[in-house]
Amino acid sequence: MYWIYLALFVLAVLTPEVVTDEVLTIPEEEAEALLVLLFGSTGFFIYFAKEKALIRHIREKLRLQQEKHDITRDLSDSYSYIGEANRKMDLLKGLVASLPATLDRFRSGEKKDAYEGLSKAILLFSKTEAFSLRIVDQERGRVEKEIREGKGDPCFSLDVSVLLGSDRVFREEGGCIIVRSPSSVGPYVAYLSFGKSANHIEDSGMFEALASEGLALFFLEKSCDGLRIVKSEENETAS
């Protein structure tokens, strides 16, 4: 590209040697000036055109780099989401697969251990160190069962009236996330509450499933308690 500017410069310098007489009735000096101006203008417009092309090229390169960055970020987010989803699915499968062992724990009176898998899942998904899972009798307005993890969490002090104050499945109340089981069994419904740890809670359906799991475990516990009572009465009758 630089040879074009060199050629224009040489032509401009040699113009006085080339033009030695008037050109088309234009005096010699004026003709030389016009030719020098023409060569200079040509060089300027070539430079201007190349500069605009260079700016377009830089902008296009920056745009492509931004697109590459966005694609890389989206891919990273996608891989993170897929990994998180797989982990959640594995944990839920583990809860289902552990039901026979949970039933054995209820039968043997190891109630705290029976809720251990559910507690770990809630702590993992809520990304907090404390939560409260309460089974509430809606007709009597009282808590029939409560599973807690952690200490000193303000969500522990939520009154039953606050829990029953709304039919919304997922809501925020006083800095606490409250999740209600989508369905109730008779008068019983499960409420899961924990401190809000992020501006946005993803996958509310997962917490609804965990609340429903807590309600199901409560009834499984009650069934095992009933069986123990029946067996105890049978043994007393037989003796």
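## Tyr 188 and the five-stranded sheet

Tyr 188 is buried, because its relative accessibility is 14% and the cut-off for buried is under 20%. This is a predicted model.

Phe 219 has a relative accessibility of 24%, so this residue counts as partly exposed. The table sets the two residues side by side.

| Residue | Relative accessibility | Class |
|---|---|---|
| Tyr 188 | 14% | buried |
| Phe 219 | 24% | partly exposed |

Aromatic pairs come to a count of four. One of them joins Tyr 188 and Phe 219: the ring centres are 5.6 Å apart and the planes stand at 80°, so the pair is edge-to-face. The cut-off for that class is over 60 degrees. Tyr 188 belongs to strand S5 and Phe 219 to helix H7 (residues 204–238), so the pair ties together parts 31 residues apart in sequence. Phe 218 joins Tyr 188 and Phe 219 in one aromatic cluster.

Now the sheet. It is open and has five strands, in the order S2-S1-S5-S4-S3, with antiparallel pairing. Strand S2 (142–149) and strand S3 (170–173) are the edges; each pairs on one side only. Between neighbouring strands the average turn is 20°, direction ignored.

Strand S5 spans residues 188–195 and pairs with strand S1 (residues 131–137). Six bridges link S1 and S5 in the antiparallel sense. Val 136 has Val 189 in S5 as its bridge partner.

A helix also packs on this sheet: H5 (residues 116–126) touches S1, S2 and S5. The direction of H5 makes about 120° with that of S1.

Terms used:
Residues are numbered from 1 along each chain as its sequence is written. This is a predicted model: local features need pLDDT of at least 70, side-chain atom pairs count only at pLDDT 80 or more; totals for chains, interfaces and linings use all residues. Side-chain values use heavy atoms; hydrogens and water are left out. Two strands pair if DSSP finds at least two bridges between them. Helices (H or I, at least four residues) and strands (E, at least two) are DSSP runs, numbered from the N terminus. Axes are lines fitted to C-alpha atoms, for helices over the stretch in contact, and angles run from 0 to 180 degrees between N-to-C directions. Contact means heavy atoms within 4.5 Å. Rings of Phe, Tyr and Trp (its six-membered ring) pair if their centres lie within 6.5 Å; planes under 30 degrees apart count as stacked, over 60 as edge-to-face and the rest as tilted. Buried means under 20% relative accessible area, exposed over 50%, partly exposed in between (1.4 Å probe, protein chains only).
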